[in-house]
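Trainee: Could you take me through the salt bridges in this model, one pair at a time? I'd like to see how they sit in the rest of the fold.

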Amino acid sequence: MDAQRNWLRALRLLTHRFEESICDPQFLYLDLNCVMELLSAQSIGARSEVLVFLAALNWLSHDYARRQDHAVKVMGCVRFSSMTMDEIVACYHPPFLPQLLEVPEVVTMLFKATW
């Protein structure tokens, strides 16, 4: 019970200071469940959903050989529908990890957000 309460407090702090959290090198070592919970939180202290996309991209690219099977789950946490059209179009050309767009489900997410 106490561990759950501490985790919720930590999650609240991480989401409140999202931009700082994703810049910390420890972010890259979070496990899948923690990353998904952080990225899909209701309230995130980020200027744009693009930062959530870039955080997901960064986490995946850190060890893509092992994490590529989680690409759909992690990208499913990104709220593409809340992005502007320009932001969605930019996601079609990620600054790194272009092989992510070889995953049909990720491309479908972008298509759905586009239309």
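**The salt bridges and their surroundings**

Mentor: Let's start with Arg 47, which forms a salt bridge with Glu 19, their closest N and O atoms being 2.8 Å apart. Arg 47 sits in the loop between helix H3 (32-39) and helix H4 (49-62), while Glu 19 belongs to helix H2 (residues 18-23), so this pair ties together parts that are 28 residues apart in sequence. By salt bridge I mean a side-chain nitrogen of Lys or Arg within 4 Å of a carboxyl oxygen of Asp or Glu. The helices are DSSP runs of H or I with at least four residues, strands are runs of E with at least two, and both are numbered from the N terminus.

Before going on, a word on what you're looking at: this is a predicted model, where local features need pLDDT of at least 70 and side-chain atom pairs count only at pLDDT 80 or more, while totals for chains, interfaces and linings use all residues. Residues are numbered from 1 along each chain as its sequence is written, and side-chain values use heavy atoms, with hydrogens and water left out.

Now, how covered are the two partners? Arg 47 counts as exposed, because its relative accessibility is 71%. Glu 19 has 22%, so it counts as partly exposed. The cut-offs are under 20% relative accessible area for buried and over 50% for exposed, with partly exposed in between (1.4 Å probe, protein chains only).

Glu 19 has company in helix H2, where you'll also find Ser 21. Ser 21 is buried, with a relative accessible area of 12%. Leaving aside neighbours within four places in sequence, Ser 21 is in contact (heavy atoms within 4.5 Å) with Leu 14 and Phe 27.

The next pair is Arg 79 and Glu 49, a salt bridge whose closest N and O atoms are 3.3 Å apart. Arg 79 is in the loop between helix H6 (71-75) and helix H7 (85-91) and Glu 49 is in helix H4, so here the bridge ties together parts that are 30 residues apart in sequence. Arg 79 is partly exposed at 26% relative accessibility, whereas Glu 49, at 11%, counts as buried.

Then there's Asp 63 with Arg 66, whose side chains meet in a salt bridge at 3.9 Å, N to O. Asp 63 is partly exposed, with a relative accessible area of 25%, and Arg 66 is exposed, with 67%. The count for the model comes to four salt bridges.

Further along the sequence is His 70, in the loop between helix H5 (64-67) and H6. At 24% relative accessibility, His 70 counts as partly exposed. Set aside its neighbours within four places in sequence, and His 70 is in contact with Leu 32 and Leu 60. His 70 and Leu 32 are 38 residues apart in sequence, yet their C-alpha atoms are 7.8 Å apart in space.

The loop between H7 and H8 deserves a look too. Val 103 is found there and is buried at 15% relative accessibility. Leaving aside neighbours within four places in sequence, Val 103 is in contact with Tyr 64 and Val 72. That same loop, between H7 and helix H8 (104-114), holds Leu 97, which is buried with a relative accessible area of 8%. Phi of Leu 97 is near 60°, a positive value in a residue other than glycine. For background, most residues other than glycine have a negative phi.

Finally, step back to the whole chain. Its secondary structure comes to eight helices and zero strands. Of the contacts with a separation of 6 or more, 71% are between residues 24 or more positions apart. Buried residues make up 39% of the 115 residues. On the charge side, the chain has 10 positive and 13 negative side chains, and the centres of the two sets lie 7 Å apart. In that tally Lys and Arg count as positive and Asp and Glu as negative, with His and the chain ends not counted; each charge is placed at NZ of Lys, CZ of Arg, CG of Asp or CD of Glu.
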